[in-house]
Each structure stands twice: as C-alpha cells, then as structure tokens.
Amino acid sequence: MKVAFATQDLERVDAHFGWAKNIAIYDVSPAGNQFLESIEFNGDLQEDGNEDKLEPKINAIKDCAILYVAAIGGSGAARVVANNIFPMKVKEPESIAELLGKLQDVLKAPAPPPWLRKAMAKGQEKDLEFDDE
C-alpha cells in the first residue's frame with residue numbers, strides 16, 4: 001500500500017499539508033517498505049484560502065491509502081478523505097522511518113484496526129484492476 005508523508009526535510013513529518021514543500025511516498029507492507037518518490041512543490045504554499053495549491057498535492061497522492069501530516073485544514077482534509085485517503089496527524093514532528101516502523105508493526109497484527117483494513121483495501125482494489133487485464 002502506498003503511504004504519503006507531508007515533509008519539509010524529507011526525513012520527518014513536520015509540515016502542514018497545504019504548506020508542505022515535499023511529499024514523500026513509500027510502498028509499505030508488513031514485510032518492509034520502499035521509498036518510491038518525493039514530489040517537490042513550489043510557489044506561495046503558505047497562503048491561506050488558496051485552494052489551488054491543494055490540487056497538485058491531491059493529484060500526487062491519489063493512489064496513496066494514508067497521508068501523514070503535522071496539520072491539515074478542513075478543506076484539505078475533506079478533499080483527502082473524498083479521495084479515499086486516510087489522513088493521520090502527528091502530535092509533533094516525527095521521523096518518517098519511525099512512522100514506517102510503527103505502521104509495519106500494526107500491519108503485522110492479526111487483526112489490524114478497522115480504519116487500517118479500509119486503507120489496505122484501497123491498495124488491493126488497484127491490484128485487482130490490474131489482474132483482470
């Protein structure tokens with residue numbers, strides 16, 4: 001399953017979704033994780049009320065199941081959820097590596113929590129679409 005991280009430094013989740021300079025995307029499974037890509041965003045990212053800045057970010061994470069952020073506004077959260085992406089807020093800046101480890105531990109559990117089962121299903125739906133071709 002693909003997981004996105006809003007980050008300024010590509011090492012920690014330390015950014016508000018709308019203000020994030022980078023989005024780091026990883027593929028995560030119970031067995032491990034793999035860095036896929038980082039997407040850099042430019043322009044006036046800190047302008048409140050500028051909904052246009054969200055569109056490229058939403059498009060960049062459309063196939064992700066989970067988005068880790070330091071903060072996210074109501075409009076951004078609504079758009080993320082509308083794309084079947086589960087937003088996860090961290091209380092303080094946290095290492096992406098540590099978050100990946102914690103997520104993998106939860107994925108290894110015999111019965112992941114309902115929100116995670118739903119997020120995991122997003123990745124499986126994509127796999128099934130390719131199987132039919």
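This passage walks through the sheet, a buried loop residue and the aromatic contacts of a predicted model.

A good place to start is the sheet. Five strands form an open sheet in the order β4-β3-β1-β5-β6, and their pairing is mixed. Strands β4 (32-40) and β6 (86-89) take the edge positions, where each has a single partner strand, so one side of each is left without a neighbour in the sheet. From one strand to the next, the twist averages 25°. Towards the β4 edge, strand β3 (residues 22-29) runs antiparallel to β4, and eight bridges join the two. One residue of this pairing can be picked out by name: Ala24, whose bridge partner in β4 is Ser38.

Just as welcoming to the newcomer is the loop between β2 (12-13) and β3, where Ala20 is found. With a relative accessible area of 0%, Ala20 falls under the 20% cut-off and is therefore buried. The C-alpha atom of Ala20 is separated by 9.5 Å from that of Ala70, although the two residues are 50 residues apart along the chain.

The aromatic residues come next, with four aromatic pairs in the structure. In one of them, Phe5 and Tyr26 meet edge-to-face, with 5.6 Å from centre to centre and 90° between the planes. Phe5 belongs to strand β1 (residues 2-7) and Tyr26 to strand β3, so this pair ties together parts that are 21 residues apart in sequence. Both partners are shielded: Phe5 counts as buried at 0% relative accessibility, and Tyr26 counts as buried at 13%.

Another pair is formed by Phe86 and Trp115, whose ring centres are 4.7 Å apart and whose planes lie at 20°, so the pair is stacked. Phe86 sits in strand β6 and Trp115 in helix α4 (residues 114-131), and the pair thus links distant parts of the chain, 29 residues apart. Here the partners are partly exposed, Phe86 with a relative accessibility of 32% and Trp115 with one of 26%. Strand β6, the home of Phe86, is also one of the sheet's two edge strands.

Ring pairs also build a cluster, which links Phe5, Tyr26, Phe35 and Tyr68. The edge-to-face partners Phe5 and Tyr26 are thus both members of this cluster.

A contact of another kind closes the tour. Lys57 lies over the face of Phe41, at 5.1 Å from the ring centre.

Definitions and conventions:
Residues are numbered from 1 along each chain as its sequence is written. This is a predicted model: local features need pLDDT of at least 70, side-chain atom pairs count only at pLDDT 80 or more; totals for chains, interfaces and linings use all residues. Side-chain values use heavy atoms; hydrogens and water are left out. Two strands pair if DSSP finds at least two bridges between them. Helices (H or I, at least four residues) and strands (E, at least two) are DSSP runs, numbered from the N terminus. Axes are lines fitted to C-alpha atoms, for helices over the stretch in contact, and angles run from 0 to 180 degrees between N-to-C directions. Buried means under 20% relative accessible area, exposed over 50%, partly exposed in between (1.4 Å probe, protein chains only). Rings of Phe, Tyr and Trp (its six-membered ring) pair if their centres lie within 6.5 Å; planes under 30 degrees apart count as stacked, over 60 as edge-to-face and the rest as tilted. A charge sits over a ring if NZ of Lys or CZ of Arg is within 6 Å of the ring centre and within 35 degrees of the ring normal.
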